[in-house]
Amino acid sequence: MLYILDQRLRAQSIPGEKARKVMNDIITTMFNKKFMEELFKPQELYSKKALRTVYDRLAHASIMRLNQASMDKLYDLMTMAFKYQVLLCPRPKDILLVTFNHLDTIKDFVHESPGILNQVDETFRQLIDTYGGLSAGELQLIRQTLLIFFQDMHIRVSIFLKDKVQNSNGRFVLPISGPVPWGTEVPGLIRMFNRNGEEVKRTEFTTDGNYVTLQREGSFDLYGDRVLKLGTNMYSVSRPVETHMAGSSKNTASHAKESTVPSPLAKEELNFLARLLGGLDIKKPGGSETGFRLNLFTTDEEEEHAALTRPEELSYKVINIEAVQEPGRRAELSRILGELEVAEPRPESAGKGEDLLALMDAL
Amino acid sequence: MGGSSPAPDYNWAAWCALPARVLLVLTSQRGVQMYEADGSIMVYWHALDVSEHPPAQAVFARGIAAAGGRFICVGTSSGLVLVFDIPPKGTNVTVSQVLEQHRDAITDIAAELGQAPDGAGDLVTADDAGTLCTWSTGEEFTLRSKIPAFGVPPCLLSGAEDSFVHVWQLSTNPDTEDIEIQHCHAECVTDTQVCGACFCDPQGDSFAVTGYDLSEILRYSRV
């Protein structure tokens, strides 16, 4: 998310000070101690709805606003990118290296703010402590759980299509050449052992694959060369590529049918949200800072068009607070959201300013 | 032990310790007999159905185990495993289930004492051909896995997340009797992390593949 926001802030020529403030605000909110405490608790995988709600909240942790269409696109891009990274991990432990690549870049974004840097380093240490010692089997279970979450998502991303990392059917390319995972051998040799454990015979075989041994292992320390490129910023300054999204791979004739019946939400989902959002300590911006709207598309017209033509099956369901059945729970969530509400900024462009709660209540 | 006919030749005897009681179980060519632990009273008698066996084939019961906290399992020469539901007291023993996975005479049966972990089998049955079956006990016994008989299967299939499925040839070295492996064929399922693969026929002439994010089952055949 931060990579994409960083690129769009530059593409939209948002003044340096403002852009840095947005990035700092979001990062400091994300790495807030209470929030991290909640995330690190052993728990079930979040539902898609709940996760999207949290990201909506995080993206609006500063003076920046996003229309629904832009938020949808942002979320599409970040989930597909993360799916790609998790899928392509050569070995289960590499998901940690991917995470460390993310954190390394985040630290770069906030290198001028020692306080926020500390927050990130704290989380880094917690990650190393919690996950550094897990077995390959446990890490593979984590990876597979994440992959289940992303299953059947095939949104085509133009930067991926251009780099030939994704096919036109939305599936990612799995290379059959290149380095093998750290700690494994290049396939092609069969060794046979007798019942005493002595090697008695060797034969070779060939396949279409063209693999080489990996020269060195990435670092799992606070600082170090991760070696793995997955998780690094593909939108860096030297590659100002358009972040536009190709259409869905399915052409459906369906249209969005507005449902007026509130969906009964699972108790756990609400509890989880209340705890997580409660932990997000969103600062109210100073009076002097005026807000602005970030557009993930090249023009306002494009953004409007995207909003109108988004296929139903890709619509993200954000949690509708009004649909909450239990009055006590509804009041609590409304209170938390109220506390987090930022003063409505004067919009810089002619786009419609979205009320925060309205964003949350979109279904 | 009274009775008009001469006592059968018992070939198997076992104490079956269930939570509520201990029974002495004896098997023979005629069937299964269950006694109170001190041998004083016969609780139950089950005659083997000779008609279930092909003619000129030996008939007997073999392999006894207490399982699932309330059952006694007994194997037969026809490959059937009889599951007896044992009441905490008295003689009202019933045959609750007959397990029909084995085609050869049951060699032996063994059961796990106590609770097996979720999904694990707690009963193993073995037959003379070398086939092993594991089961989960309960109201309804369910087959957990079946390991085929002795002898090296001709082909082996492996699939992995690198998108490759490999077919291997297994054989036994006649001189050393060591098992050897040869690579037969590699299939690259483009851009797919293979999650499952299995042969569709016993000769290994075709196999099916499933993968992550794949809504289809792919089938490959030898041409």
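**Group meeting: the interface between chains A and B**

Okay, so chain A has a mean pLDDT of 80, with 74% of its residues at 70 or more; pLDDT is the predictor's confidence in each residue, from 0 to 100. And yes, this is a predicted model, where local features need pLDDT of at least 70 and side-chain atom pairs count only at 80 or more, while totals for chains, interfaces and linings use all residues. Residues are numbered from 1 along each chain as written, chains are lettered from A and ligands numbered from 1 in the order written, and side-chain values use heavy atoms, without hydrogens or water.

Where is confidence weak in chain A? Helix α13 (residues 356–360) has the lowest mean, 36, and helix α6 (residues 94–109) the highest, 97; helices here are DSSP runs of H or I, at least four residues, and strands are E runs of at least two, numbered from the N terminus. Residues 248–264 of chain A stay under 50, and so do residues 338–363 of chain A. Where pLDDT is low, don't read the coordinates in detail.

Now the interface. 20 residues of chain B contact 29 of chain A, contact being heavy atoms within 4.5 Å. In chain B, B:Asp191, B:Tyr212 and B:Asp213 lose the most area to chain A, together 36% of what that side buries. That's accessible area (1.4 Å probe) lost on putting two parts together, summed over both.

There are four salt bridges between the chains, meaning a Lys or Arg side-chain nitrogen within 4 Å of an Asp or Glu carboxyl oxygen. One joins B:Glu180 and A:Lys201, at 3.3 Å, N to O. On chain B's side, β14 (164–172) and β15 (179–188) each give two or more residues.
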